[in-house]
Amino acid sequence: MATTTEAPKTAKRDALRALEGKARTLWDSKKAFEINAPTIEEHQNSEDLHKVYPKYMACMPYPYMNGRLHLGHAFTFSKVDFSVGYERMKGKRALLPMGFHCTGMPIKACADKLTRELEMFGKNFEKYDEMVLSNTLEAKAEITKNVKSKVAAKTGNVTYQFQIMLQLGIPREEIHKFSNPYYWTEYFPPNTINDVTAFGAKVDWRRSFITTDANPYYDSFVRWQMNKLRRLNKVKFGERYTIYSPVDQQPCMDHDRQSGEALGPQEYTAMKIRVVEWSDQAAAALAKFDALKGKTVYLVAATLRPETMYGQTNCFVGTEINYGIYNVNEKEAFLITERAARNMAYQKIFEKEGNVEKLAEINGKLLVGTKIHSPSSVFPTIYVLPMDNVLATKGTGVVTSVPSDSPDDYATLQDLKKKCEYYNVKPEWVDFEPIPVIETPTYGNLIAPTLCKMKKINSQKDRVQLAEAKEIAYKEGFYQGTMCYGEYKGYKVQDAKNKIKDDLISKGEAFVYNEPEGLVMSRSGDECVVALMDQWYLDYGEEEWKNQTKKCLAQMETYSIETRHQFEQTLDWLNQWACARSFGLGTRLPWDKQFLVESLSDSTIYMAYYTVAHLLHGGSVNGQVTGPAGIRADQMTDEAWDYVFKLGPLPKTDVPKASLDKLRREYEYFYPLDIRASGKDLIPNHLTFFLYNHTAIFPEEMWPKSVRSNGHLLLDSKKMSKSTGNFMTMGDALAKYGADATRFALADAGDSGEDANFEDSTANAAILRLHTLLEWCEEQVAGSSKLRQGEFNFYDRVFENEMNRYAGLTERAYIATYYREALKYGVFEFQAAKDTYQLACSETGMHKDLVQRYIEFQTLFLAPICPHWSEHVWTDILHKPTSVVDAPFPQPTAPVDETILAGAEYVRRTIKSVRDAEINLIKKKKKGKAAEEDYKPNAPKSLKIFVATKFPEWQEDCINVLRANYDASGKFDDNKIRAELGAKGMLKNKKTMPFIQEQKKLVEKRGPIAFDRALIFDETETLKTCLDEIKRALGFHTVHILKSDEADEANAKAAENAVPGGPSFSFKNE
């Protein structure tokens, strides 16, 4: 539970929560969210089906069933729930399904942990309590010795899986059941349904299902999908590099990982640098290792730039790193880090696959001074030298040095040359000059020395400048560079790079080496490696398929340019993806049943399965009950699925054609998917796979129409984390704030791809706002007979126009899926307009029709976000005959009259200006400055407002100069403007340039229309109409509206400041 402050009182929250059950009972009784396609009997023609019966289908990625949903799930889910609520109000059959993902390793890994813990601690983990007691007593006994208990050292600070289950609220005596991985698939889906239903979701639960072979219907669907992809030649078999867990002995794909999601293999060219003569220290340290006798030892350096290897002047090692020398075969051994050795062991580099045989170990400091021979280098022998910041966690721990093209290498080499004694190197070891390898148009043929000089890099410790220089050197060298040395002299670097790499490999001087792009941990707690293995894979990245998917993206709505760019970047780098694994839960690969379909490959087109799930096994998430269509799972053959999805003819089957046609109708009606909402972290995998698979299997008219991505959800501006206590489940939030306040705060949390923020204060404020608004609605409806009727006055017309304007703005926000904006216009500003209207009508009273319309509009604006509150107001206060979820979205009663709104805004602005001037006068008086006739604001007072009929001539001249020097592209010619103003002598007026700057900003904001400053309303008449409101708002006994050119001598100074739309004024005591 999050460590946020509890609301001091809960009466208002409890009152709102009391509305929730009644609303849900009403919806359940009406089966409000069970959405069906029009039957074939209702409408036979498929061509105009969507035109006659508009539809909308939305979903989010189905949540994984290894725990309760948290507030982050709720945030993403809210996006589709809000959108379905709005689209339903537009008269569409809006469908929102939800399934439950159980495929892969997470559940299996947790179940296996529990199995081990049951063996250790007993069925109810009673031995754990005994162990803790024993540790406590032993620790006390050891305190005097200041020695930590050995038992405590072995077991302290360990979080066991059964403890995690206890945190999830599962009774201790029930936990043993979860050692069966399939029990998870039975336990968590009902809990999820309960939480999401209590949230007020519009989910059609008939269409829900669990994945894996536990559901025979979904199992047959995934088998069909994989067979289909294989027939389309999208699934292939062969050797490829993949992230691999040695403990699990299988590929470790994104959803099988504890950390490192979206990281893939990084390919290097591994250079074999032969040891010619060990340094004295290294020779002495290695003398005892008999296993090295007869072996040729190579220092192996991993490089991304094989084309630069001609310029090697040495190689670097880290003096703090302990290296191993590992057996490769009978003749060879590699000096590398242990991490690199683990990776190589699974890439068919070592003679014995999977076997890491360390022959010797040596510290990097002892290697300095070792004489080596590096392939391609112009120097026959070079030396091993020390370098700061060599990482044992990247590459092999051995670094090639090319000071001509690497700023880091050049800076380090210069350090060593200047401080030989300090670094314990001999001058002859560093007596090498950079060799020109690549010619660049900007920086010549020694790009690294040139950049170091330009950026004033004096040492390898200048990390910031070196990082900048490194980026420039790589981009300039690769994209603009030409080889100026070697066999490929004269070639563009882009053309020569792979040729040089292939030559090195063919000569046996280098080999391909891969490692994870960063740290990847499996669910089993194993640090993963990259393995080269035979496996089934999906050929993502294949040119034709990629272009087809890019076409899908191009015609798809992404709601933000950031989301589109992230998809484009992913499509550019994504390639082959392992689609099979050996262990875990899932569907067996149809043609190779030793493998299971991995969890990101069985979850790409299941949105199509939603369309028919209710007919196959409606109400039974595991498919153990045959649904209304009366079709058994074994009858859903590949040919049957092809027919249902309009991809093949009617199969030979004992299933009645009419039954298959019912499924087919549901699919052809609800597909394509209208919107899929998800966290942006799924774009590099799941969401891009979703596009790829749809373009492969379905025709273009069935491709997804939109994807909406969001950032992570912060809780009170901090990352949600169970370990810190800043964590909240969906159930926690519903209990603390109630459903509608939770939904309100989620809508207000953010709409962009940046991380959103759920605030405790916002949720509590939502409780207060909703409760206060509810009371106001009740009071107004109860006292409606006392409200004014008849013709509208000025303030009525203003409020009517404001309601119409906010109806349009709120609807635009809902269409764009910007729910924070929907709250801004449809709640905050809408209520502010109501409050202003109510104040303006304090003497005459509000108009009955407008109060009624306001309550209806407000209820409907809030209906997608706060459905329980809206349902109560709609049915119990307004006594509408239908449910609010069936009500249409409010439409403006007339076009917005901008004249009235401009006049109203003018009056508000004028009142504020007078109030500000009065406050400033009082401040001057308090400071002892002369105040106008010793003005007393609380005594009877009068106000004169001076209205100008035309702008000052100098301002008109300024506008004419600006207009004359404004071009079609929307730019001002500032030089000409200043010259013309000077020629006319206008720069002498101190008001000219501030006015010019202000008008330029207006034009830049509003466009050329801002040059026309004529008012669209009658200033004098508007002020006269609002005289009573001006008096009330400002407390003046008398207010006079005067033309500025009619001012007497006493008021001439005040009147001269008036301009059209900006009156001036004076006030005094009566």
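## Close-up views of a predicted model

**Figure 1. The whole chain.** The protein chain has 37 helices and 30 strands. This is a predicted model. Along its principal axes, the C-alpha trace spans about 110 × 85 × 75 Å. The chain holds 1070 residues, and 54% of them count as buried.

**Figure 2. Domains and annotated spans.** The domain assignment gives domain 1 (265–516) and domain 2 (959–1007). Their centres, taken over C-alpha atoms, are separated by 62 Å. UniProt, in an unreviewed entry, lists residues 45–147 and 194–758 for "domain: Aminoacyl-tRNA synthetase class Ia". Residues 194–758 are 33% helix and 21% strand. The end C-alpha atoms of that span lie 22 Å apart. A further UniProt annotation, also from an unreviewed entry, is "domain: Leucine--tRNA ligase RagD-binding", covering residues 947–1013. Here the chain is 55% helix and 1% strand. The end C-alpha atoms of residues 947–1013 are 15 Å apart.

**Figure 3. The largest pocket.** The volume of the largest pocket is about 2,100 Å³. Its lining counts 50 residues, and the closest to the pocket centre are Asn66, His70, His73, Glu261 and Arg523. Several elements give two or more residues to this lining, among them helices α3 (71–89), α4 (105–121) and α7 (161–167). Strands β5 (257–259), β23 (675–679) and β25 (713–715) do so too. What classes of residue make up the lining of the largest pocket? There are 19 nonpolar, 22 polar and nine charged residues.

**Figure 4. The largest cavity.** Rolling a probe the size of a water molecule over the atoms shows where empty space is left. A search of the whole structure finds three cavities of 30 Å³ or more. The largest cavity holds about 50 Å³ of space. Which residues line the largest cavity? They are Gly85, Arg88, Met89, Lys202, Ala863, Pro864, Val884 and Val885. By class, this lining has five nonpolar residues, one polar residue and two charged residues.

**Figure 5. Strand β9 and its two partners.** Strand β9 covers residues 322–327 and is mostly covered, with five of its six residues buried. Strand β11 (residues 358–363) runs antiparallel to β9, and five bridges join the two. In this pairing, Asn322 has Asn363 of β11 as its bridge partner. Strand β10 (residues 332–336) also pairs with β9 in the antiparallel sense, over four bridges. Here Tyr326 is partnered by Phe334 of β10. How many residues make up the hairpin connection from β9 to β10? The hairpin joins them through four residues.

**Figure 6. A three-strand open sheet.** Strands of a sheet pair through backbone hydrogen bonds, either parallel or antiparallel. The order in this open sheet is β26-β25-β27, and the pairing is mixed. Strands β26 (718–719) and β27 (756–758) stand at the edges. Each has a single partner strand, so one side of each is left without a neighbour in the sheet. Three bridges link β25 and β27, which pair in the parallel sense. One bridge partnership is that of Leu715 with Phe758 in β27.

**Figure 7. Leu809 in helix α27.** Leu809 is found in helix α27, which covers residues 794–815. Is Leu809 buried or exposed? Its relative accessible area is 18%, under the 20% cut-off, so Leu809 counts as buried. Lys824 is 15 residues away from Leu809 along the chain, and their C-alpha atoms are separated by 9.5 Å.

**Figure 8. Backbone exceptions in loops.** Most residues other than glycine have a negative phi, and most peptide bonds are trans. The peptide bond from Tyr671 to Pro672 is cis, with omega near 5 degrees. Pro672 lies in the loop between helix α22 (657–670) and strand β23. Tyr559 is not a glycine, yet it has a positive phi of about 70 degrees. The loop that holds Tyr559 runs between α18 (543–554) and α19 (561–573). Lys646 has a positive phi as well, near 60 degrees. Lys646 lies in the loop between α21 (638–644) and α22. Why is Lys646 called partly exposed? Its relative accessibility is 37%, and partly exposed means in between the limits of 20% and 50%, so Lys646 fits that class.

Key
Residues are numbered from 1 along each chain as its sequence is written. This is a predicted model: local features need pLDDT of at least 70, side-chain atom pairs count only at pLDDT 80 or more; totals for chains, interfaces and linings use all residues. Side-chain values use heavy atoms; hydrogens and water are left out. On a 1 Å grid over the protein atoms alone, a cavity is a set of points where a 1.4 Å probe fits but cannot get out, and a pocket is an open set with protein on both sides within 12 Å along at least five of seven lines; lining residues have an atom within 4 Å of a point. Grid points are joined across faces, edges and corners, and a volume is the space filled by probe spheres set on the points. Ala, Val, Leu, Ile, Met, Phe, Trp, Tyr, Cys and Pro count as nonpolar, Asp, Glu, Lys and Arg as charged, and the others, Gly among them, as polar. Buried means under 20% relative accessible area, exposed over 50%, partly exposed in between (1.4 Å probe, protein chains only). Two strands pair if DSSP finds at least two bridges between them. Domain bounds come from an automatic or database domain assignment. UniProt positions are given in the numbering used here, feature names are shortened, and annotations may be inferred rather than shown by experiment.
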